Structures are given as C-alpha cells and as structure tokens.
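Trainee: I would like a close look at a single part of this model, and then how that part sits in the rest of the chain.

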Amino acid sequence: MASSSSSQLRLMSDLKAIINEPTGGCSASPLSDDNIFVWSATIFGPDETPWEGGVFSLRLTFGNNYPEKPPRVRFTSEMFHPNVYHDGTLCMDIIQDAWSPCHNVSTILTSVQSLLTDPNPASPANPEAAQLYQHDIQAYNKRVRRCARRSIESS
C-alpha cells in the first residue's frame, strides 16, 4: 500500500518532468502550492483538426494511492466528444482498465490529446457525439469547432 508521501514524491517527479521536458500542446501543474494532489491542465486542440485553436482545461485529482491507481481526470471546459461524459469525465482505457503505474501526468495528457482526434465510438460516454461522429462527420466537426471557439472565449 502506497503512502501519501510516496504519492507526493511521485507527483513532484511528474511535475519536474513536465517542467523540464514539456509535452507539446499540453501543460499541467498543481492548482495550489499547498496541495499537490489536485492539478489543473490545459490541452491545446491539435492543428489541422476540428479541435485546432481550442484551449481545453482539465482537472486531475490524485489519490494517496497514486501511481498504483489512476487519477480522476475531468474536462472543466465544455466538450462534445464521444468519450467525454456531460460532466467532463473521460471514458479512456489508460485511466480505467488499462492503467499502469508507468503512466504519468505527461502520458495521460498526451493520451487525452490523441483521444480528441481519434475517438473510440464503440465505447461512447456521449452517445449523441458518437452517433454524429460515425454517421455525420461534418455535423460532428461543426459541433467540435464550436466547442473549440467557446474554449477560447471562456479561457
């Protein structure tokens, strides 16, 4: 059983890695100096996709058992995506069934960013988005571009 101090050490190491080797299109840091277990993160919409230009905010909440257990990851920006629930929670294998302690904040954010452009409609958290993605990609892309625009207006 991991103690909170080993979780804190691991989170400090994750933070150092993000500062020293920033991941393209993503950033993250603890929300406040006195709580390393709650982070805010930003993902920029990948170029040449309907997400382009968007700035999407997330909240990562780590438990005392990190990295044995994955953090809770939620978009705080409005999202329209097959694998994002209405409350912003993600349906994504690496923060659920396929979690491994080898993942860190950088790999989580990179995975979220690639999920934006490569959704898994077979496991929908948002059936409407999954339906549009599969059957009317133009309508889907239009909704996504609207999300991307709103993300800039609200940031």
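Trainee: Leaving aside its neighbours within four places in sequence, which residues is Thr 42 in contact with?

Mentor: This is a predicted model, and what follows should be read as such. Thr 42 belongs to strand E2. Once the neighbours within four places in sequence are set aside, Thr 42 is in contact with Gly 25, Cys 26, Ser 27, Val 55 and Phe 56. Of these partners, Val 55 and Phe 56 fall in E3, which covers 55-61, while Cys 26 and Ser 27 fall in E1, which covers 26-32. For a long-range reference, take Ile 95, which is 53 residues from Thr 42 along the chain: the two C-alpha atoms are separated by 17 Å.

The contacts with Val 55 and Phe 56 go with the pairing of the strands. E2 and E3 run antiparallel and are joined by seven bridges. Within that pairing, Ser 40 stands opposite Arg 59 of E3. E3 also pairs with E4, again in the antiparallel sense, over four bridges. Arg 59 has Arg 74 as its bridge partner in E4, and Thr 61 stands opposite Arg 72 of E4. Arg 59 can therefore be followed in both directions, to Ser 40 and to Arg 74.

The side chains of E4 alternate. Val 73 and Phe 75 point to one face and are buried, whereas Arg 72 and Arg 74 point to the other face and are not buried. Phe 75 is also listed among the residues with the most contacts inside the largest nonpolar core, together with Trp 39, Leu 58, Leu 60, Leu 90 and Val 105. That core has 38 residues. The elements giving two or more residues to it are helices H1, H2, H3 and H4 and strands E1, E2, E3 and E4. H2 gives the most, with six residues. In soluble globular proteins, nonpolar side chains tend to be buried together.

Val 105 shows how the core draws on separate parts of the sequence. Not counting residues up to four places away in sequence, Val 105 touches Asp 14, Ile 18, Ala 28, Trp 39, Leu 60, Phe 62 and Tyr 66. Among these, Trp 39 and Leu 60 are themselves named with Val 105 for the most contacts inside the core.

A second site to inspect is Asn 126, in the loop between H2 and H3. Asn 126 counts as buried because its relative accessibility is 1%. Its side chain reaches the backbone nitrogen of Ala 129 at 3.0 Å. With residues up to four places away in sequence not counted, Asn 126 touches Phe 80, His 81, Pro 82, Val 84 and His 86.

As for the whole chain, the secondary structure comes to four helices and four strands, in the order α-β-β-β-β-α-α-α along the sequence. Among contacts between residues at least 6 apart in sequence, 56% join residues at least 24 apart. Buried residues make up 44% of the 155 residues. The chain exposes about 8300 Å², of which carbon and sulfur atoms supply 49%. The C-alpha trace spans about 50 × 30 × 25 Å along its principal axes. The radius of gyration is 16 Å, which agrees with the value near 15 Å for a compact globule with 155 residues.

Note on methods. Residues are numbered from 1 along each chain as its sequence is written. This is a predicted model: local features need pLDDT of at least 70, side-chain atom pairs count only at pLDDT 80 or more; totals for chains, interfaces and linings use all residues. Side-chain values use heavy atoms; hydrogens and water are left out. A nonpolar core is a set of buried Ala, Val, Leu, Ile, Met, Phe, Trp, Tyr and Cys residues joined through side-chain atoms within 4.5 Å. Buried means under 20% relative accessible area, exposed over 50%, partly exposed in between (1.4 Å probe, protein chains only). Contact means heavy atoms within 4.5 Å. Two strands pair if DSSP finds at least two bridges between them. The radius of gyration is taken over C-alpha atoms; the globule rule is 2.2 Å times the number of residues to the power 0.38. Accessible areas come from the Shrake-Rupley method with a 1.4 Å probe; for residues, only the protein chains shown count as cover. A polar contact is a pair of N or O atoms within 3.5 Å; within protein, one must be able to donate a hydrogen and the other to accept it, and residues adjacent in sequence count only if both atoms are side-chain atoms.
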